[in-house]
Amino acid sequence: VLESAVFPLTITVTPVNDPPSIDGQFPIQTLERTPVEITTAYLVLSDPDNEAAELSVDVLNGAGYQRVGNTVTPEPGVVGALIVRVVANDGQLNSAVFNLTVQVLADNVPPVIVVNGSTTVTIDQGDNYTDAGATATDNVDGDISDRIVVDNPVDTSQARTYTVTYTVEDLAGNLALATRTVVIQASAPPPPPPVVSSGGGGGAVSGLLLALLAILACQRPRR
């Protein structure tokens, strides 16, 4: 058997970029209506051509959340398991869509109302009363002072004690209440008129009375 001389065979290997894969996830949670950023740290990634650290993640639009970039905010009323659609990217190709589960925790914390000024106010009957109002903040919704409902029954024409009530509700339905006491005190009665002293005129009046009595005595008929 004869063999030929050795022939150098050249094989050209054309690189083929395989898409990455999302193989699982780590737990992720957020509070109701609270934004959370989705990063590769929450995903189990693999790629035949790249290291997992070289991959990125993109969040897609979906139901039950609002998206700005890779930050998602659960819509009001969404509590429990929220499915967020994501893909991994190696710079050229995307993985198949992966349904990432985000646990949304219920917001059970009520807002905080702060009454402006004193919580007890005392004014005189008939004076003008202007309520100083209140402010409200929520752990999720922030400043919700514009949602405060005020019940102000104060009538300064009536002397009594009134309660001004402030109530506010966050987007989760948590309610807060605060009050202010307004005391309308009765006006003091007007002072009595000054007493005018008669001075030394008492003697003249007494003399006149005696003279009148003498005249009456002279007019009595004699027996």
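Glutamate 32 and arginine 33 are both buried (under 20% relative accessible area; over 50% is exposed and values in between are partly exposed, with a 1.4 Å probe and protein chains only). The model is predicted, so local features need pLDDT of at least 70 and side-chain atom pairs count only at pLDDT 80 or more, whereas totals for chains, interfaces and linings use all residues. Residues are numbered from 1 along each chain as its sequence is written, and side-chain values use heavy atoms, with hydrogens and water left out.

**Exercise 1. Describe the backbone and surroundings of arginine 33.**

Step 1. Place the residue. Arginine 33 sits in the loop between β2 (29–31) and β3 (36–37). Strands here are DSSP runs of E with at least two residues, helices are runs of H or I with at least four, and both are numbered from the N terminus.

Step 2. Check the accessibility. Arginine 33 is classed as buried because its relative accessibility is 8%.

Step 3. Check the backbone. Its phi is near 65°, which is positive although the residue is not glycine. Most residues other than glycine have a negative phi.

**Exercise 2. Which residues form salt bridges with arginine 33 at 3.8 Å and at 2.9 Å?**

Step 1. State the criterion. A salt bridge needs a side-chain nitrogen of Lys or Arg within 4 Å of a carboxyl oxygen of Asp or Glu. By this rule the model has five salt bridges. Side chains of opposite charge can pair when their charged atoms come close.

Step 2. Take the neighbour in sequence. Glutamate 32 and arginine 33 form a salt bridge with an N to O distance of 3.8 Å.

Step 3. Take the distant partner. In the salt bridge between arginine 33 and aspartate 141, the closest N and O atoms are 2.9 Å apart. This pair links distant parts of the chain, 108 residues apart: aspartate 141 is in the loop between β12 and β13 (142–143), and arginine 33 in the loop between β2 and β3. Aspartate 141 counts as partly exposed because its relative accessibility is 23%.

**Exercise 3. Find the salt bridge of arginine 180, then the network of shared partners.**

Step 1. Arginine 180 pairs with aspartate 131, with the closest N and O atoms 3.1 Å apart. Here too distant parts of the chain are linked, 49 residues apart: arginine 180 belongs to strand β16 (residues 175–185), aspartate 131 to the loop between β11 (120–124) and β12. With 2% relative accessibility, arginine 180 counts as buried.

Step 2. Salt bridges with shared partners connect Glu32, Arg33, Asp107, Asp138 and Asp141 in one network.

**Exercise 4. What surrounds aspartate 107 and aspartate 138?**

Step 1. Aspartate 107 lies in the loop between β9 (98–105) and β10 (112–115), and it counts as buried because its relative accessibility is 3%. Its side chain makes a polar contact with the side chain of arginine 33 at 3.1 Å (N or O atoms within 3.5 Å; within protein, one must be able to donate a hydrogen and the other to accept it, and residues adjacent in sequence count only if both atoms are side-chain atoms).

Step 2. List contacts (heavy atoms within 4.5 Å). Beyond four places in sequence, aspartate 107 touches residues including Leu31, Asp138, Asp170 and Asn174.

Step 3. Aspartate 138 is in strand β12 (residues 134–138); at 7% relative accessibility it counts as buried. A polar atom of its side chain lies 3.0 Å from the backbone nitrogen of valine 140, and one lies 2.9 Å from the backbone nitrogen of aspartate 141. Leaving aside neighbours within four places, its contacts include Arg33, Asp107, Pro110 and Ile144.

**Exercise 5. Which elements give two or more residues to the largest nonpolar core?**

Step 1. Define the set: buried Ala, Val, Leu, Ile, Met, Phe, Trp, Tyr and Cys residues joined through side-chain atoms within 4.5 Å.

Step 2. The largest such core has 20 residues, and Ile38, Leu43, Val84, Val86 and Leu100 have the most contacts inside it. The elements asked for are β4 (43–46), β5 (56–59), β8 (80–89) and β9.

Step 3. Another core lies apart from it, with 17 residues, among them Ile123, Tyr162, Val168 and Ile184.

**Exercise 6. How do strands β6 and β7 pair?**

Step 1. Pairing requires at least two DSSP bridges between two strands. Strands β6 (residues 65–68) and β7 (residues 71–74) are antiparallel, with four bridges.

Step 2. Opposite glutamine 66 stands threonine 73 in β7. The hairpin has two residues between the strands, and glycine 69 takes a positive phi near 65° there.
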